[in-house]
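Morning, everyone. I have one structure to walk through today. Let me put it on the screen.

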Amino acid sequence: MSENEVNLKLLESITGSEVFKQILKAFPGERLYIPGRGEFTSKQERNNAIRRDFYNGFDVDALAEKYKLSATSVYRIINDRG
């Protein structure tokens, strides 16, 4: 079973079958971002925090570990001013 299938089964067990079906119907084929650990309400908020930490002296490896991302993802976020 793939990681995605495991995650979908977990989501269904948490939300219940009916809510799970509503989610699938509302977002067919979509990738959904679910913020980790409840720290951020959006990727944009997380990315702004990463940029702020970087400009306050954190190095890329420390940011990758802190935010549970790859160094490549951190570099991409830092270089994207969006």
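I will go through the core, one helix, the salt bridges and a few surface residues. Keep in mind that this is a predicted model.

Start with the core. The largest nonpolar core has 10 residues in all. They are Phe40, Ala49, Ile50, Val60, Leu63, Ala64, Tyr67, Val74, Ile77 and Ile78. Which elements give two or more residues to this core? They are α3, α4 and α5. Helix α4 gives the most, with 4 residues.

Take one core member, Leu63. Leave out residues up to four places away in sequence, and Leu63 touches Ile50, Asp53, Phe54, Phe58, Lys68, Val74 and Ile78. Two of those names, Asp53 and Lys68, will come back later.

Next, helix α5, residues 71–79. Its buried residues are Ser73, Val74, Ile77 and Ile78. Why do they sit on the same side of α5? Because they cover an arc of only 135 degrees around the axis. The background is simple. An α-helix has 3.6 residues a turn, so residues three or four places apart point the same way. Now turn to the other side of α5. Thr72, Arg76 and Asn79 are exposed there. And what covers the buried residues of α5? The cover includes α3, residues 43–55, and α4, residues 60–67.

Now the salt bridges. How many does the structure hold? There are 2.

One joins the side chains of Glu18 and Lys21, at 3.9 Å, N to O. The cut-off is 4 Å, so at 3.9 Å this pair counts as a salt bridge. Both residues lie in helix α2, 3 residues apart, about one turn of the helix. Glu18 counts as exposed, at 53% relative accessibility. Lys21 is partly exposed, with a relative accessible area of 48%.

The other pairs Asp53 with Lys66. Here the closest N and O atoms are 2.8 Å apart. Asp53 lies in helix α3 and Lys66 in helix α4, so this pair ties together parts that are 13 residues apart in sequence. Is Asp53 buried or exposed? It counts as buried, because its relative accessibility is 11%. Lys66 is partly exposed, at 37% relative accessible area.

On to the loops. Lys68 is in the loop between α4 and α5. Its phi is near 55 degrees, a positive value in a residue other than glycine. For context, most residues other than glycine have a negative phi. Lys68 counts as exposed, at 63% relative accessibility.

The loop between α2, residues 17–26, and α3 holds Leu32. Leu32 counts as partly exposed, because its relative accessibility is 49%. Phe27, Leu32 and Ile34 make a nonpolar surface patch of about 330 Å².

Ser42 also has its place in the loop between α2 and α3. With a relative accessible area of 26%, Ser42 is partly exposed. How far apart are Ser42 and Glu3? In sequence, 39 residues. In space, 22 Å, C-alpha to C-alpha.

To recap. The core draws two or more residues each from α3, α4 and α5. Helix α5 has its buried residues on the same side, because they span an arc of only 135 degrees. The salt bridge from Asp53 to Lys66 ties helix α3 to helix α4, so it joins parts 13 residues apart in sequence. That's all from me.

Conventions. Residues are numbered from 1 along each chain as its sequence is written. This is a predicted model: local features need pLDDT of at least 70, side-chain atom pairs count only at pLDDT 80 or more; totals for chains, interfaces and linings use all residues. Side-chain values use heavy atoms; hydrogens and water are left out. Buried means under 20% relative accessible area, exposed over 50%, partly exposed in between (1.4 Å probe, protein chains only). The arc is that of the directions from the helix axis to the C-beta atoms. Contact means heavy atoms within 4.5 Å. Patches are made of residues with over 30% relative accessible area and no salt bridge: like charges are joined within 9 Å, nonpolar side chains (Val, Leu, Ile, Met, Phe, Trp, Tyr) within 5 Å. Accessible areas come from the Shrake-Rupley method with a 1.4 Å probe; for residues, only the protein chains shown count as cover. A nonpolar core is a set of buried Ala, Val, Leu, Ile, Met, Phe, Trp, Tyr and Cys residues joined through side-chain atoms within 4.5 Å.
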